[in-house]
Amino acid sequence: MENCYVINNKFFTSFHHIHSSDDKLPGVDVFVCTADPTLEPPALVISTVLSVLSLNYPTDKLSVYLSDDGGSELTFYALLEASRFSKLWIPFCKKFNVESRSPEAYFSKNFDAQDSANTEQWLFIKKQYEDMKKRIETVCNKGNVPEELKNQHKGFLEWGSNVTKQNHQPIVQIVIDGRGTNAVDSNGCLLPTLVYMAREKRPDWPHHYKAGAMNALIRVSSEISNGAIILNLDCDMYANSADSIKEDLCFFMDKKRGHQIAYVQHPQKFNNITKNDLYANASPALNQVELPGVGGFGAALYCGTGLESLETRKDDKRTVIELEEASKVLASCGYEGGTQWGKQMGLIYGCPVEDIVTGLTIQCRGWKSVYHNPDNTAFLGVAPPTLDIALVQFTRWSDGMFQIFLSKYCPFIYGHNKIKLGAQMGYCVYLLWAPSSLPHLYYTIALPLSLLHGIPLFPEVSSIWFIPFAYVFLCKNIYSLAEALTCGSTFKAWWYLQRMWLIRRTTSFFFAFIDCIVRQLGLSQTTFTITAKVVTDDVSKRYHQEIMDFGSTSIMFTVIATLALLNVSSLLVWVLKMVLWGLEYKAMEMLMSQVLLCGLMVVVNAPVYEALFFRKDKGSIPASVMFKSMVLASLACLVPLK
């Protein structure tokens, strides 16, 4: 980690220098991507947009681009509303040094208006935001924008009767032209540039999911503002720290190493983590130990939230309409035909985790990357509030990363003699998530079945050969617990993490492994699943009460329930044998390790049994899943092993 520390030594000096010389700062283009107005509500998206519009950065050098892969007039309408509200929100944030810069996050805090420097203004801004949010949600609930609202902006002319999510022309609308003297806030200060883009979609053309959207944004932004730095954010990942861009620029502007750095990566942190992190989304050890360790080799993984360095800014005297028309060509389906976009230019195509593989290719060209985890969290997102969504997310990640390992981009091959061996190994820790499911599935199945049939898998407890097994088990878990507690977790959070790793490895990783192998055999194509960012009130209530939600008929829940039933059934049968018929001491000693491990599996799966047999709420396991799990567990118990 020496490389990171050398850069950090100059951090504070550079930060004060940047604050005192705004005229020397580069132009920054912020990319926010959304793809579905139902799964990613426009009200959530525009809160992220407003958070970056109000950052402490010269407004004439800040441009914000919203890529709408859903091509929805609802999202465009929400952006228009946000552009009007920004005239109040930006000066309010800068006057009172608001943290965080997302109005949704800021006004949702328990805040006493009496403590504000200007109570009347605080209440006024809050009311304006709530009114705007209500208008957006009303239009979204109707499913279309009323004609009287469409008449307020020429951009709505783009949405004709033939426009659908997967079939529409390129749409580029400069909502705020930051170059013009008319684009000012309520204090008369210049506003940042704000652009809406929906790249062209046609049924017969591949669109390459988020990677395609990002590449279209790179081209469109180069035509309009051409910032030297790009900040890439998911639609739910709002700016929490007002100085986040300036802090990251310290790395790029470092006199010794700045010219080597391609991007600065931030950890994924969330604003809705429960007290004990029910679904292990926070991963403090990952953010504080593992990823900084890989970053120490100058190879921080590109995980979608961070700054990238590009070419310099240019001045452009063209009108808004001229810029929009020129940009539409760059956002068209046919523009990339016969070019190196998606291969040698922009983000790499053909992989569900386009950010990881793109970061690897950048590093293999000689560039360095920095992992930056500031005390004042720069960006905060929304963690999956249900088990189903969390598992789908990990399925996509592990599928895409295993696909990288099996492709020409395998770090041990593509990165040979280009990045350090430690970086190659660091990548493969995550790229091999999917195949790691096989030994875990074997043990979760073989352990209870061998106990059921009286077949020992481990040495007797009194044997000297039992010591290595006990040593590995104890050391691994003691170290894991100590690491978690050192990183700020609670014991309960560590326990939940162990449960989630077990569930992920036997479901998400396994299905990702199957999907990836099938794709490698040419039997299917790459897909991209969008995870929902909002849930119903009752689901949210269970989440904050730290009650696991199994209210889905997902095949993953069938696997989870089957393995849980298999373990508890085998343990109960062994106990009955011991009580009713008695077992010789020798036989008990031979199986004692399996009894303990099987008992541990039962304790870990306690919420599953509760959801199967005791809970009556909508988060319990559906009857159909319970029936299939019981049948599968019964069939497994009948399999002869001798």
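This is a conversation about how some descriptions of this predicted model are justified.

Student: Why is cysteine 140 called partly exposed?

Tutor: Its relative accessible area is 21%, and since buried means under 20% and exposed means over 50%, cysteine 140 falls in between and is therefore called partly exposed.

Student: Why is cysteine 351 called buried, then?

Tutor: Cysteine 351 has a relative accessible area of 12%, which is under the 20% cut-off, so the word buried applies.

Student: How do you know that cysteine 140 forms no bond with the closest cysteine sulfur?

Tutor: The closest cysteine sulfur, in cysteine 235, is 13 Å from the sulfur of cysteine 140, whereas a disulfide needs two cysteine sulfur atoms within 2.5 Å, so the distance is too far for a bond. Cysteine 351 is likewise in no disulfide, with the nearest cysteine sulfur, that of cysteine 516, 8.6 Å away. By this rule the count comes to zero disulfides.

Student: What makes the buried residues of α11 line one face of the helix?

Tutor: In helix α11, which spans residues 320-330, the buried residues are Leu323, Glu324, Ser327, Lys328 and Leu330. Seen down the helix axis they fall within an arc of 150°, so they line one face. Among the elements that cover them are β3 (171-176) and α8 (209-224).

Student: Which classes of residue make up the lining of the largest cavity?

Tutor: The lining has six nonpolar residues, two polar ones and no charged ones. Among the lining residues are Leu502, Ile503, Thr506 and Asn605, and the elements giving two or more residues to this lining are α18 (491-506) and α21 (555-581).

How values were computed: Residues are numbered from 1 along each chain as its sequence is written. This is a predicted model: local features need pLDDT of at least 70, side-chain atom pairs count only at pLDDT 80 or more; totals for chains, interfaces and linings use all residues. Side-chain values use heavy atoms; hydrogens and water are left out. Buried means under 20% relative accessible area, exposed over 50%, partly exposed in between (1.4 Å probe, protein chains only). Helices (H or I, at least four residues) and strands (E, at least two) are DSSP runs, numbered from the N terminus. The arc is that of the directions from the helix axis to the C-beta atoms. Contact means heavy atoms within 4.5 Å. On a 1 Å grid over the protein atoms alone, a cavity is a set of points where a 1.4 Å probe fits but cannot get out, and a pocket is an open set with protein on both sides within 12 Å along at least five of seven lines; lining residues have an atom within 4 Å of a point. Ala, Val, Leu, Ile, Met, Phe, Trp, Tyr, Cys and Pro count as nonpolar, Asp, Glu, Lys and Arg as charged, and the others, Gly among them, as polar.
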